[in-house]
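Subject: Handing over a structure, with notes

Dear colleague,

I am passing on the structure shown below, together with some notes that may help on a first reading. Please keep it open beside the text as you go through them.

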Amino acid sequence: MSYTIETADLTKRFGSRVALNNISLQVPPGKIFGLIGPNGAGKTTTMRILLDIMRPTSGTVSVLGTSPHRGGVGLRRKIGYLPGELSLEGRVTGHALLSHYADLSGGVPRADITALTDRLDLDLSRQVHGLSKGNKQKLGIVQALMHRPPLLVLDEPTSGLDPLVQQTFLELVREARDAGQTVLLSSHVLSEIEQVADEVALLRRGEIATVSTVSALRESATRRVVAKLRGSTSILDTLTQVQGLTAIEHQPGEEADGVLHISGALEGSPDPFIKALARFDVLDVSIEAPNLEDAVLGLYEGGQTHER
Ligand SMILES: Nc1ncnc2c1ncn2[C@@H]1O[C@H](COP(=O)(O)OP(=O)(O)OP(=O)(O)O)[C@@H](O)[C@H]1O
């Protein structure tokens, strides 16, 4: 398979500071790939190298089959880039700014720009320096998406967007993927992009902690389970045998004798838990949605894994 983005042993040092340490990443075509990591993990540095804003200390990079260093303007036009530290201070209107970028991209139909600004509810007649942080971010998003490039590289794209606009943005990203575009986007929290990302790489101190599909993360995540059961404390003996169920706690209910309130943490399939419960008189049960943020934090603390 030829990847849209491929890096091998990518390393970037700033003096003695190692920003990236042997990063090997493969972003498949037509997918949404998330780079997740806390502040300083190396997300922006990785993206800047892909755009040839920065050169690596060592290692190799290929973007759309070309080295960013050699790709020049031809490669740059195929990438829609939203920088993390978007600085829009000029005394120009949104219209003028987008026209300028549209020219650089080889022209963009006016209707395509309007379709985006309408959906994001962005007023292009205002001077960009007076726009709020969120509206500047919307302008940056339109600038990156409007020419429908084969690759989108979006650094913290949801930053500053209110929840409603965040949803619209995620829809736009999904539509781009469905149209065959490849999307690389970064965030310091998984919850902002887990709805759209097909695969995520977790960066920690310049290294890849894990690469995983979001569905694999979901399967490995722990969910809290709560049940109200009628029966003797022998229930507990049964539950301790359930595969994947840990941290079991119980307390007697306020109801008539023999009601137990049970809680625990369940990893993996809920099937063994449900089958174990079915042997008792179940008064109530709930299995919460997995908390992916916790799963990711666990991975940050843990060692290296690679799952595809
Ligand atoms: N131009 C630079 N000069 C010196 N150090 C730098 C430079 N750019 C980045 N770094 C360092 O490299 C490391 C990675 O930074 P980077 O901006 O890539 O992280 P990030 O994951 O994007 O973080 P954030 O979420 O805060 O944007 C940090 O330790 C940072 O201080």
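Before turning to the ligand, one convention is needed: Ala, Val, Leu, Ile, Met, Phe, Trp, Tyr, Cys and Pro count as nonpolar, Asp, Glu, Lys and Arg as charged, and the others, Gly among them, as polar. On that basis, the residues of the shell around the ligand divide into 3 nonpolar, 8 polar and 2 charged. Please bear in mind throughout that this is a predicted model.

The surroundings of the ligand

There are 13 residues around the ligand, and those that come nearest are Phe14, Ala19, Asn39, Thr44 and Thr45. Two elements give two or more residues each to this shell, namely strand β2 (17-27) and helix α1 (43-50). Of the elements involved, α1 provides the largest share, with 3 residues.

Helix α1 is itself mostly covered, since 8 of its 8 residues are buried. These buried residues are Lys43, Thr44, Thr45, Thr46, Met47, Arg48, Ile49 and Leu50, and Thr44 and Thr45 have already appeared among the residues that come nearest to the ligand. After α1 comes Asp52, which has a positive phi of about 60 degrees although it is not a glycine, and which sits in the loop between α1 and β4. Asp52 counts as partly exposed because 18 other C-beta atoms lie within 10 Å, while a buried residue would need 20 or more.

The sheet that includes β2

Strand β2 also belongs to an open sheet of 3 strands, which has the order β2-β1-β4 and antiparallel pairing. Its edge strands are β2 and β4 (58-63), each of which pairs on one side only. On average, and with direction ignored, neighbouring strands of this sheet are turned by 20 degrees against each other. Strand β1 (residues 5-14) is joined to β4 by 5 bridges, the two running antiparallel, and within β4 it is Ser58 that stands opposite Thr11. As a general point, strands of a sheet pair through backbone hydrogen bonds, either parallel or antiparallel.

The chain as a whole

The protein chain has 10 helices and 14 strands, and its C-alpha trace spans about 75 × 45 × 35 Å along the principal axes. Of its 308 residues, 36% are buried. Among the contacts with a separation of 6 or more, 71% are between residues 24 or more positions apart.

The nonpolar cores

The largest nonpolar core holds 58 residues, of which Val142, Leu145, Leu152, Val153, Val183, Leu184 and Leu203 touch the most other members. Helix α6 (residues 163-178) gives the most to this core, with 6 residues. Apart from it lies another core of 12 residues, among them Val225, Leu229, Leu260 and Ile262.

To follow one member of the largest core in detail, Leu145 is a convenient choice. Leaving aside its neighbours within four places in sequence, Leu145 is in contact with Gly80, Leu116, Leu152, Leu172 and Ala176. Two of these contacts, Gly80 and Leu152, are also bridge partners of each other, with Leu152 lying in β6. The strands concerned, β5 and β6 (residues 151-154), run parallel and are joined by 4 bridges. From β5 (residues 79-82), Ile79 and Tyr81 point one way and Gly80 and Leu82 the other way, and all are buried.

Two loop residues

Two further residues in loops may be worth a look. Leu190 has its place in the loop between β7 (182-187) and β8 (199-204), and it counts as buried because 20 other C-beta atoms lie within 10 Å. The C-alpha atoms of Leu190 and Leu239, which are 49 residues apart along the chain, are separated by 32 Å.

Arg205 lies in the loop between β8 and β9 (207-213). Although it is not a glycine, Arg205 has a positive phi of about 45 degrees. With 15 C-beta neighbours inside 10 Å, Arg205 counts as partly exposed.

With best wishes

Technical notes: Residues are numbered from 1 along each chain as its sequence is written. This is a predicted model: local features need pLDDT of at least 70, side-chain atom pairs count only at pLDDT 80 or more; totals for chains, interfaces and linings use all residues. A residue is near a molecule or strand if its C-beta atom, placed from the backbone, lies within 6 Å of it. A nonpolar core is a set of buried Ala, Val, Leu, Ile, Met, Phe, Trp, Tyr and Cys residues joined through C-beta atoms within 7 Å. Two residues are in contact if their C-beta atoms, placed from the backbone, lie within 7 Å. Two strands pair if DSSP finds at least two bridges between them. Axes are lines fitted to C-alpha atoms, for helices over the stretch in contact, and angles run from 0 to 180 degrees between N-to-C directions.
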